[in-house]
Amino acid sequence: MGNVFGRKSRPSRVTEQDRAILQLKQQRDKLKHYQKRVTLQLEKERSLAKQLLKDGKKEKALVLLKKKRYQDQLLDKTETQISNLERMVQDIEFVQIEMKVIEGLKVGNDCLKSMHEAMSLEDVERIMDETQDAIEYQRQIDEMLSGSLTQEDEDAVLSELEAITQGEDVELPEVPTEPLPEVPEPAETEPERRPARNKENREMLAA
């Protein structure tokens, strides 16, 4: 229970401008309701005046029409008041939008200011100089690599690249059409001679 009663209420998000707009709209709605009610009453009185004229009661019809004329003037004033209230509501809502825009601009300016404080002009110039140095260093490396190949090598690389791009095989060297020279047969190896010598020795022993 202590936590319930001790809990802090959240600040209301309804501003004074919101309350003013609400009150103006309520007054406008009341005037519109009054306008509608008077309009219906005037239609009835007009019909009643016609009936009085038919019945020959001209004086009563004239009094009723004067009353109707007065109420018509009230309706005109009511319409003017409604227009003023609606214009006031629109002006307040537009000022609220302008205030939000100004607040947004202020936040943006503060953000830009903090960013400018975090990075000075000297830092920007240093970063730009370092970037330019890195670009120049890379350009020198590219020039050194490209200078290690001759023009013929460059043309060959480009031709191979074009062939690969077009899905064709790279041209291979032609196969020679002349017959190859004959290769002499190898001399008789030592294991092949050894059986013949063993046969000669056995014949000499048998004699």
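A residue is taken as buried when its relative accessible area is under 20%, as exposed when the value is over 50%, and as partly exposed in between. By this criterion, buried residues make up 11% of the 207 residues in the chain. The model described here is predicted.

The secondary structure of the chain consists of six helices and zero strands, and the elements accordingly follow one another from the N terminus as α-α-α-α-α-α. The accessible surface of the chain amounts to about 19,400 Å², and carbon and sulfur atoms contribute 57% of that area. Among the contacts in the chain with a separation of 6 or more, 68% are between residues 24 or more positions apart.

Two of the helices, α2 and α3, are considered in turn. Helix α2 comprises the 39 residues 16-54, for which a span of 57 Å is expected at 1.5 Å a residue; its end C-alpha atoms lie 58 Å apart, in agreement with that expectation. Just after α2, Gly56 adopts a positive phi of about 80°. Helix α3 (58-118) is part of what covers the buried residues of α2. With 61 residues, α3 reaches 90 Å from its first C-alpha to its last, close to the expected 90 Å.

The covering is reciprocal in the sense that α2 is included in what covers the buried residues of α3. In α2 the buried residues are Ile21, Leu24, Arg28, Leu31, Gln35, Val38, Leu42, Glu45, Ala49 and Leu52. In α3 the buried positions are Ala61, Leu64, Lys68, Gln71, Asp72, Leu75, Thr78, Ile82, Leu85, Val89, Ile92 and Gln96.

The largest nonpolar core contains seven residues, namely Ile21, Leu24, Leu31, Ile82, Leu85, Val89 and Ile92. Helices α2 and α3 are the elements that give two or more residues to this core, and α3 supplies the largest share, four residues.

Individual residues of this core illustrate the pairing of the two helices. Ile21, located in helix α2, has a relative accessible area of 8% and is therefore buried. Apart from residues up to four places away in sequence, Ile21 touches Val89, Ile92, Glu93 and Gln96. Although Ile21 and Leu85 are 64 residues apart in sequence, their C-alpha atoms are 9.4 Å apart in space. Leu24, with neighbours within four places in sequence left aside, is in contact with Leu85, Met88, Val89 and Ile92.

Glutamine residues of α3 also take part in these contacts. Gln96, which lies in helix α3, has a relative accessible area of 19%; because the limit for burial is under 20%, Gln96 counts as buried. Residues up to four places away in sequence not being counted, Gln96 touches Thr15, Gln17, Asp18 and Ile21. Gln71 is likewise found in helix α3 and, at 12% relative accessibility, counts as buried. On the same basis of counting, the residues touched by Gln71 are Val38, Gln41, Leu42 and Glu45.

Charged pairs were also examined, and the count comes to ten salt bridges. One of these joins Arg28 to Asp29, with the closest N and O atoms 3.3 Å apart. Arg28 is among the buried residues of α2, whereas Asp29 is partly exposed, with a relative accessible area of 41%. A further salt bridge links Lys68 and Asp72, whose closest N and O atoms are 3.2 Å apart. These two residues are four residues apart in helix α3 and so are separated by about one helical turn; Lys68 and Asp72 are buried.

In helix α4, Glu136 and Arg139 are three residues apart, about one turn of the helix. They form a salt bridge in which the closest N and O atoms are 2.1 Å apart. Glu136 is partly exposed, with a relative accessible area of 29%, and Arg139, at 38% relative accessibility, also counts as partly exposed. In addition, salt bridges that share partners join Asp123, Arg126 and Glu130 into one network.

A nonpolar patch on the surface is formed by Met119, Val124, Ile127 and Met128, which together have about 350 Å² of accessible area. Of these residues, Ile127 lies in helix α4, which comprises residues 121-147. Ile127 is partly exposed, with a relative accessible area of 35%.

Note on methods. Residues are numbered from 1 along each chain as its sequence is written. This is a predicted model: local features need pLDDT of at least 70, side-chain atom pairs count only at pLDDT 80 or more; totals for chains, interfaces and linings use all residues. Side-chain values use heavy atoms; hydrogens and water are left out. The expected span of a helix is 1.5 Å times one less than its number of residues. Buried means under 20% relative accessible area, exposed over 50%, partly exposed in between (1.4 Å probe, protein chains only). Contact means heavy atoms within 4.5 Å. Patches are made of residues with over 30% relative accessible area and no salt bridge: like charges are joined within 9 Å, nonpolar side chains (Val, Leu, Ile, Met, Phe, Trp, Tyr) within 5 Å. Accessible areas come from the Shrake-Rupley method with a 1.4 Å probe; for residues, only the protein chains shown count as cover. A salt bridge is a side-chain nitrogen of Lys or Arg within 4 Å of a carboxyl oxygen of Asp or Glu. A nonpolar core is a set of buried Ala, Val, Leu, Ile, Met, Phe, Trp, Tyr and Cys residues joined through side-chain atoms within 4.5 Å.
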